[in-house]
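Please consider the protein model shown here. The questions concern its helices, its sheet and one loop residue.

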Amino acid sequence: MKNLKSRKHNQASLKNGKGPDRERISEIFNSIARILEIKQDNRFRIRAYQRAAGNLRDLSQDLGTLIKEDRLFDIPGVGRDLAGKIKEIAATGKLKYYEELKKSIPSGLLDLLNIPSVGPKTAWDLYQKLKIKNIQDLEQAIENDKLSGLFGIKEKTVENIRQGLLLFKKGKERMPLALAIQAADEFMLPLSELDCIGNISPAGSLRRRKDTVRDIDILIESNKPSRVMDSFTGLPGVKKIQAKGKTKSSVLNKQDIQVDCRVVPAKSFGAALLYFTGSKNFNIKLRRLAMRMGLKINEYAISSGNKYLAGRSEKDIFKILKMSYLAPELREDNGELELALKHELPKLVDLRDIRSDLHLHSNFSDGENSIEEMARSGRARGYTHIAISDHSQSLKVAGGLGLAELKKKKAVIERLNKGLHDFRVLFGSEVEIDSEGNLDYPQGVLEGFDIVVAAIHSGFRQSKEKLTERLIRACLNPHVHIIAHPTGRLWGSREAYQLDFKRLFKACRETNTALEINGDSLRLDLNDINCRRARAEGVRLVIGSDAHSTDRISQMELGVSVARRAWLEAKDLLNCLSVEELLRAIRKKKSNIPAVGEVSSQAIPTATEKIKDEYQISKIKSKNQRCK
Ligand code: DGT
Ligand code: CA
């Protein structure tokens, strides 16, 4: 359990900005864009709504103030028309244009767009040709084989839609951690203001910081449980009360997320927190350990016979069991209890250990903020350096940078660094790995960056071997320092692609290439399990927030959760090095490229040969091409 004040601070920092109507207006603009997309309206108009929606969501200023001071035009993408619409929603809670537009298509049609592989055109075709109005209609049509042969739809596309439906349903069962944190905050923050409560903490998988969470468990210490229950079930976030008892209630929030709240007396708070944090397997083993010591442990207390020994805090209970305190992230029965008994637990990395974020985007590519704004935001978080790793030239949809823009960007960074005495901005890039494992800039250009993060953003449907080969080829490039979001998973829309991790880890270890834990709320990739395996194989790791705006830099906290669940210590992460140490670690790679075939005995000798050749050639060329 965290001290409530710091919890409030941490959780609030994960939220995006302020303003009373901001989220709602952003949602309405997004819905308008989706309806216009389905109706195949003008794509510039669609983009304008999407852009305004994104900027409103990430707004760091107070929307009410902007309206009052007539400064809505300060929001990028908001012109006269959209400013008028924002004001109308802020004043009336509604938008006439949206209400009319909604009537022009069946409401369930919008839901179809949430299914991976169903784009706006397909949704419109499905409606026009088969009268499919919602997800249930689509499921039935697939079951009855109505889609095949329709308007040129290929068998493979039907299969993709079928898979997309499965993924969509799976995504509904569990939510990503960031959404769970946000949903829990909407309940915990007002409850923490009650004068009749003591401690308050999340429990369950949310407290263990699992990457996906089924429901929200909240535990409260109070000797006035009925007052707490009345307050909890009466909160504005409640859509439906599922059960209301004397000490436990369960509700659904507006997004149909289940939130359970339990109230316990002070003397049981620690015992209850331990029990309801779980995991279940951890609880079972802990109980067995206690029994071996002649003790009983349950959600009320740890006791000897009928004698209450402790229960107020988890720390008291661990002490009686003669073991070290176990951070919630470790409680999965993966060997942590045995180490706690020997007092040999790892010293888990903490947010305070993080000194840099090496995967950030600026408005040079598809980010919302300038390099300077990102730097100031990083410094405010206590970092000593950051890397601005914008997209590379072929990723046009994300504003990938051509060579001329790279020069400008480098100049901006150099100028900025001159004025920053206690902080350094590194010149980075998130470089595309193409379908063959080649990189998106010539070697001479890559050499000019301080840091290179390589990533796959296309060709996800290749075989496991091919995808592994692409990543290994990127590792073999002497200028690549980090492989970003290695498995490509996107919660709710794309499963992780298959990789031969053993080979990838070996390549990373031998080429000194770090693997990233991507903190984006929909990615969290690597996951905790692969991350722990990578560390065991001697791979260096790094957390990147992948923030595209200053508000999202806090996604680092999600990445730290993954790292902690993977048992990582500060020494395992590039983020915890000083800038000098980091640059030294990076130089090590450049001067230590393994021999051809050394990295991967059964794999890709030809590819390896080729990249070595390219490297030699580019070294000669690099003098002319270097973007310095
Ligand atoms: P979730 O909800 O699937 O994301 O995962 P949890 O871990 O939050 O699971 P949940 O909500 O069913 O239960 C919360 C905690 O309560 C769980 O982590 C451990 C404890 N718990 C639940 N059922 C049992 C049980 O049958 N035996 C024991 N020993 N503990 C249990
Ligand atoms: Ca739970």
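The following questions and answers address selected local features.

This is a predicted model, in which local features need pLDDT of at least 70, side-chain atom pairs count only at pLDDT 80 or more, and totals for chains, interfaces and linings use all residues. Residues are numbered from 1 along each chain as its sequence is written, chains are lettered from A and ligands numbered from 1 in the order in which they are written, and side-chain values use heavy atoms, without hydrogens and water.

Q: How far apart are the end C-alpha atoms of helix H2?
A: Helices (H or I, at least four residues) and strands (E, at least two) are DSSP runs numbered from the N terminus. H2 covers residues 22-38, and its 17 residues should span 24 Å at 1.5 Å a residue, the factor being applied to one less than the number of residues. The computed separation agrees with this, at 25 Å.

Q: Which strands stand at the edges of the open sheet?
A: The sheet has 7 strands in the order S11-S12-S13-S14-S15-S16-S17, with parallel pairing (at least two DSSP bridges between two strands). Two strands each have a single partner strand, so one side of each is left without a neighbour in the sheet; these are S11 (356-360) and S17 (541-544).

Q: Which residue forms a side-chain polar contact of 2.8 Å with Asp333?
A: Asp333 lies in the loop between helix H16 (314-320) and helix H17 (336-341). A polar contact is a pair of N or O atoms within 3.5 Å; within protein, one must be able to donate a hydrogen and the other to accept it, and residues adjacent in sequence count only if both atoms are side-chain atoms. The partner's C-alpha atom is 7.4 Å from that of Asp333, at 48 residues along the chain; the partner is Lys285.
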